[in-house]
Amino acid sequence: QFQQVQSMMCDLMEWRSQLLSGTLPKDELKELKQKVTSKIDYGNRILELDLIVRDEDGNILDPDKTSVISLFHAHEEATNKITERIKEEMSKDQPDYASYSRMSSSPTHSLYVFVRNFVCRIGEDAELFMSLYDPQKSTIISENYLVKWGSRGFPKEIDMLNNLKVVFTDLGNKDLSRDKIYLVCQIVRVGRMDLRDSNSKKYTQGLRRPFGVAGTWRPLCW
């Protein structure tokens, strides 16, 4: 029972970190809140604590503002859900090896990136967007880190030279279980429509054009 509760606490700490990050879309935020409340109610039942009834959004029902009949139906519905959850857990014949790996690791992880230099002959200003990428699901799993690079081969903000650092935070156990995670850099050229334009009277300045993309050749190590 101790190991079971410990595993649930690790999940709750990881989800709490995601909720506090403020980066989740509205639909994912609502879904995660429901997962948190469901896990809490399940843990209370295992520990033989009082059952807390909630509304559809996961908020605790106020007995002073809720009728007795509504509270009874809410208790009945919550009890049925938890009972079904316990039956599902007891029906599992194989041990949950993932939970043991979670116990031996921290609930959240971070990736520190230090950009030392950018070598690419563009001839104009560029914007570098760095992010974490899952190749199997073909999706970006983090926010973009933007670096503005000048045409002379230095950062646009010269004070940031040798100080371009970023930490990708709130990486949970789900991210660690991915087979591969790559660090991808998207390059956007800022300037003329066509690099071959030489007459300043014929081209427009400040246009953003995709230029290239780069990525690690092997999965990142944690």
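Student: What makes Glu 124 and Arg 192 a salt bridge?
Tutor: This is a predicted model, and in it the closest N and O atoms of Glu 124 and Arg 192 are 3.1 Å apart. The cut-off is a side-chain nitrogen of Lys or Arg within 4 Å of a carboxyl oxygen of Asp or Glu, so this pair makes the grade.

Student: Why can you say that Glu 124 and Arg 192 tie parts of the chain together?
Tutor: Look at where they sit: Glu 124 is in the loop between S1 and S2, and Arg 192 is in the loop between S6 and strand S7 (207–215), so the pair ties together parts 68 residues apart in sequence. Arg 189 joins in too, since Glu 124, Arg 189 and Arg 192 are linked in a network of salt bridges.

Student: Which word fits Glu 124, buried or exposed?
Tutor: Buried means under 20% relative accessible area, and Glu 124 has 9%, so it's buried. Arg 192, at 15%, counts as buried as well.

Student: What about Asp 125 and Lys 156, what makes them a salt bridge?
Tutor: Their side chains meet at 2.9 Å, N to O, and the limit is 4 Å, so they count. Asp 125 lies in strand S2 and Lys 156 in the loop between S4 and S5, which puts the two 31 residues apart in sequence.

Student: Why is Asp 125 called partly exposed?
Tutor: Partly exposed is the range between under 20% and over 50%. Asp 125 comes in at 24%, so that's its label. Lys 156, with 48%, gets the label partly exposed too.

Student: How many salt bridges does the structure hold?
Tutor: There are 5 of them. One of these joins Lys 39 to Asp 11, with the closest N and O atoms 3.7 Å apart. Lys 39 lies in helix H2 (residues 26–46) and Asp 11 in helix H1 (residues 2–21), so this pair ties together parts 28 residues apart in sequence. Lys 39 is buried, with a relative accessible area of 11%, and Asp 11 is buried with 10%.

Student: How do you know that the side chains alternate along strand S4?
Tutor: Follow residues 145–149: Tyr 145, Val 147 and Trp 149 point to one face and are buried, while Leu 146 and Lys 148 point to the other and are not. That's what you'd hope for, because in a regular strand the side chains alternate between the two faces of the sheet.

Student: What makes S2 and S4 a pair?
Tutor: Two strands pair if there are at least two bridges between them. Strand S2 (residues 125–134) and S4 run antiparallel and have 5 bridges, so they pair. Met 130, for example, has Tyr 145 in S4 as its bridge partner.

Student: Which residues of the largest nonpolar core touch the most other members?
Tutor: Tyr 145 turns up again here: among the 20 residues of this core, Val 113, Leu 128, Leu 132, Tyr 145, Phe 168 and Ile 187 touch the most other members. Strands S1, S2, S4, S5 and S6 each supply at least two residues of the core.

Student: And why is Ile 82 called buried?
Tutor: Its relative accessibility is 7%, and the limit for buried is under 20%, so the name fits. Ile 82 lies in helix H3 (residues 68–90). Among the residues Ile 82 touches are Asp 41, Tyr 42 and Leu 51.

Conventions. Residues are numbered from 1 along each chain as its sequence is written. This is a predicted model: local features need pLDDT of at least 70, side-chain atom pairs count only at pLDDT 80 or more; totals for chains, interfaces and linings use all residues. Side-chain values use heavy atoms; hydrogens and water are left out. Buried means under 20% relative accessible area, exposed over 50%, partly exposed in between (1.4 Å probe, protein chains only). Helices (H or I, at least four residues) and strands (E, at least two) are DSSP runs, numbered from the N terminus. A nonpolar core is a set of buried Ala, Val, Leu, Ile, Met, Phe, Trp, Tyr and Cys residues joined through side-chain atoms within 4.5 Å. Contact means heavy atoms within 4.5 Å. Lists of a residue's contacts leave out its neighbours within four places in sequence.
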